[in-house]
Amino acid sequence: MRIRSQGGPTPLPKPRRDLVLKVTGGPAAGLERPVPPDKSFTIGRSDEADLPVADTKISRIHCVVEFKDGEWVIEDLDSRNGLWYGGKRVPRRALADGDVVVLGRATEITASLVEPRPSPAGPRRVTVFYTGFPPQTATVNVPAGGTATLAFALGADVAPSALRTTGDTVKLDQFVVAVAREMDAAALAINEQRFAPDIRTVVSTDEFGSVAESNIGEFLKFMPGLSIDYNAGNPREVSLNGVPTGNVPITIEGFNVASTGVGATGRAVSLDFLSINNASRIEVVYSPTPESQGAALAGSINVVPRSSFNRSRPVFNGSIYLTMRDNARDVHRTPGPRAHPTRKVRPGADFSWVVPVNSRFGFTLTAGSSESYSSLDAMQNTYRGVSAATNGNAFPHTTVDRPYLSAFFVRNSTTIVERRSFGATVDYRLSPSDRLTFSYQWSSFSSNFMTRTLTFNLNRVVAFSPTSVQGGAGAGSLAINNENGSDRLNRTYMPSLVWRHDGAVWKAEAGAALSYATNHVRGADKGFFNLIAAQRTGVTIAFDDIFYLRPNRITVTDGATGAPVDPYRLASYVLTSGTAQRRNPIDAQNTAYANLRREFHGAVPLALKGGLDARHLTRQYRYHGLRYDYVGRDGRASTAPA
């Protein structure tokens with residue numbers, strides 16, 4: 001389809017001519033610069049300006065020159081002393097050949113439009129810097145009228161004598177690979193923190209090396225201001241500067257993370273549902289800003305996924321390992337956490353692959369799998385006259401300097417945790433200033449958990465000393481409980497799409513994401529009770545050889561016959577009750593945001609930012625519990641074996 005204007009043929013675009021700016025008046029007279037047509041060209045007294053002018057009466061970044069809609073335009077960036085043309089202050093001006101504009105009070109700049117001509121061939125010196133690495137300077141030969149690309153490998157200084165020609169055998173020094181990986185990662189994080197608009201700490205996930213079990217909580221515990229709460233040996237929740245976990249939002253790329261592991265309706269995010277293998281950096285923001293969530297009373301934590309544009313060439317990192325506890329290093333199968341013996345030395349592996357295909361497109365892939373076993377042992381002594389009261393009858397009165405032991409409790413909690421994670425990002429540059437990123441994060445967390453307790457209760461004391469206690473005949477009781485038994489499986493996934501514009505004056509960002517999490521907790525349908533209790537009453541218990549930690553010897557006999565009773569044998573007990581539970585919480589969180597930022601480089605640098613933020617949360621919590629009371633074949637409950 002062809003479109004014609006009614007007034008005649010469609011006019012051809014204006015022919016573009018190159019622009020050359022020359023300082024013809026003021027302290028920097030004689031300075032001359034060509035203006036590139038494909039980028040914004042800034043003028044100011046700062047060394048960061050493309051045309052730095054040593055004039056104290058102009059702003060740090062006073063104005064910008066750009067090629068727009070077929071013409072060269074100079075625009076004032078809200079400078080203190082303004083942009084002048086023809087004796088009048090103007091906000092912007094389309095430049096013609098020979099135009100003279102005045103910056104501030106004395107700096108005159110003359111515009112010259114010339115026909116494009118090939119750049120003369122020859123060498124050019126280029127200097128680059130990146131925080132954390134020494135600056136580098138190199139020479140590149142540019143052909144006449146052409147362009148040249150020069151790649152810099154930023155890193156520690158390398159002596160020329162250390163360089164080898166292609167084909168030579170290279171012997172790596174010890175730890176060179178690990179150190180280079182950690183230094184590269186630290187440099188990325190340092191730059192983010194240096195140029196951040198708020199108070200934050202940015203740390204690369206590669207900086208501390210490998211993290212046990214890929215649990216992000218094991219990484220966060222090293223960061224200042226954060227404290228980690230553990231549950232069953234796993235980092236579970238995080239607080240910031242003493243603020244409760246429900247008021248410390250955890251996001252991925254600024255998007256809310258669904259979590260079903262902490263309570264039914266709370267805001268807290270469970271750390272054991274997140275994997276560090278998919279993350280590039282962790283940002284801890286200590287200064288809430290107007291764009292922060294309302295729940296961020298002391299700040300927030302943001303996880304930044306890996307990006308292919310952080311590297312100039314492909315990088316692959318991987319590891320294979322074994323995880324074990326120092327008190328469970330047996331390779332063969334041993335009892336726990338359930339009825340069948342299992343191996344306590346568990347395998348794990350992870351990798352990350354960052355692939356910048358070219359300057360406009362790249363992708364990353366990460367995956368990890370880890371398994372670990374843990375056993376938490378605990379015990380508790382109940383002392384009368386100190387932590388528990390006496391009554392002068394079943395528990396005789398005593399003084400605080402002569403307390404006596406009336407109950408002893410021992411517990412063993414065992415669990416096997418399995419983690420799986422996968423992450424992928426696709427980066428595409430729409431233009432030199434615009435980038436589109438699609439990210440997908442998936443993780444699963446499963447645990448096989450059981451807590452066993454054994455309690456010795458004297459219930460009545462007839463004689464005592466600091467090192468021994470004798471219980472009343474037939475007054476004692478034994479109790480065995482299997483608690484918190486669960487087969488738990490959590491899955492979390494999160495796709496997101498982000499567009500970013502990083503211009504010289506305007507910066508914009510928009511994104512949307514969906515985070516969905518499920519947490520299935522099972523018991524009876526997996527072949528076990530979540531809580532089961534067994535008792536033995538009518539026994540006589542004595543504690544002997546008591547030291548500061550526990551009694552060294554515990555004697556249990558039948559209160560009626562005086563026969564010994566083995567408290568560690570299930571046949572000595574009677575089953576009393578069992579509880580079966582099923583929990584199926586679901587959490588879905590949708591996040592969308594867009595913002596626009598404008599920087600003003602005047603005498604006092606200023607930035608204005610506005611935008612919108614929409615978050616929607618849907619949570620379901622389904623719970624089903626049944627209690628079973630054991631009564632035996634005769635239909636009567638009992639606490640003593642027949």
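Okay, let's start with one contact: the side chains of Thr414 and Arg452 are joined by a polar contact of 3.4 Å. Before I go on, keep in mind that this is a predicted model. Thr414 sits in strand β26, which covers residues 404-431. Is Thr414 buried or exposed? Its relative accessibility is 4%, and the cut-off for buried is under 20%, so Thr414 counts as buried.

Here's another residue to look at, Ser515. You'll find Ser515 in strand β31, residues 506-522. Ser515 comes out at 1% relative accessibility, so this one counts as buried too. And what does the side chain of Ser515 have by it? A polar atom of that side chain lies 2.8 Å from the backbone nitrogen of Ala258.

Now, the cavities. How many are there of 30 Å³ or more? The count comes to 6. I'd like to spend a minute on the second largest cavity, which has a volume of about 170 Å³. Its lining is made up of 17 residues, and the ones nearest the centre are Ile252, Leu274, Ser275, Asn278 and Gln441. If you go by residue type, the lining of the second largest cavity has 12 nonpolar residues and 5 polar ones, with no charged residues. Which strands supply at least two residues each to that lining? Those are β20 (300-305), β27 (434-457) and β30 (476-502).

So where does this cavity lie with respect to the domains? Domain 2 (185-305) gives residues to the lining of the second largest cavity, and domain 3 (350-629) does as well, so the cavity lies between them.

We just met β20, so let's turn to the sheet it belongs to. This is an open sheet of 5 strands, in the order β14-β19-β20-β17-β18, and the pairing is mixed. At the edges stand β14 (200-204) and β18 (255-256); each has a single partner strand, so one side of each is left without a neighbour in the sheet. Take the β18 end: β17, residues 250-252, pairs with β18 in the antiparallel sense over 2 bridges. If you want a residue to click on, Thr251 stands opposite Asn256 in β18. As a reminder, strands of a sheet pair through backbone hydrogen bonds, parallel or antiparallel.

Okay, last stop, another sheet. Again we have 5 strands in an open sheet with mixed pairing, and here the order is β4-β3-β5-β6-β9. Its edge strands are β4 (51-52) and β9 (92-94), each of which pairs on one side only.

Let's walk through part of that order. β5 (residues 63-68) and β6 (residues 71-76) run antiparallel, with 6 bridges joining them. What are the partners across that pair? Val64 has Glu75 in β6 as its bridge partner, while Phe67 is bridged to Trp72 in β6. β5 and β6 form a hairpin with 2 residues between them, and there's a backbone detail in the turn: Asp69 has a positive phi of about 50°.

On we go from β6 to β9. These two also run antiparallel, and 3 bridges join them. One pair to look at here is Val73 with its bridge partner in β9, Ala94. That takes us out to the edge of the sheet, with β9 pairing on one side only.

Okay, that's my tour. Happy to put any of these spots up on the screen.

Key
Residues are numbered from 1 along each chain as its sequence is written. This is a predicted model: local features need pLDDT of at least 70, side-chain atom pairs count only at pLDDT 80 or more; totals for chains, interfaces and linings use all residues. Side-chain values use heavy atoms; hydrogens and water are left out. On a 1 Å grid over the protein atoms alone, a cavity is a set of points where a 1.4 Å probe fits but cannot get out, and a pocket is an open set with protein on both sides within 12 Å along at least five of seven lines; lining residues have an atom within 4 Å of a point. Grid points are joined across faces, edges and corners, and a volume is the space filled by probe spheres set on the points. Helices (H or I, at least four residues) and strands (E, at least two) are DSSP runs, numbered from the N terminus. Ala, Val, Leu, Ile, Met, Phe, Trp, Tyr, Cys and Pro count as nonpolar, Asp, Glu, Lys and Arg as charged, and the others, Gly among them, as polar. Domain bounds come from an automatic or database domain assignment. Two strands pair if DSSP finds at least two bridges between them. Buried means under 20% relative accessible area, exposed over 50%, partly exposed in between (1.4 Å probe, protein chains only). A polar contact is a pair of N or O atoms within 3.5 Å; within protein, one must be able to donate a hydrogen and the other to accept it, and residues adjacent in sequence count only if both atoms are side-chain atoms.
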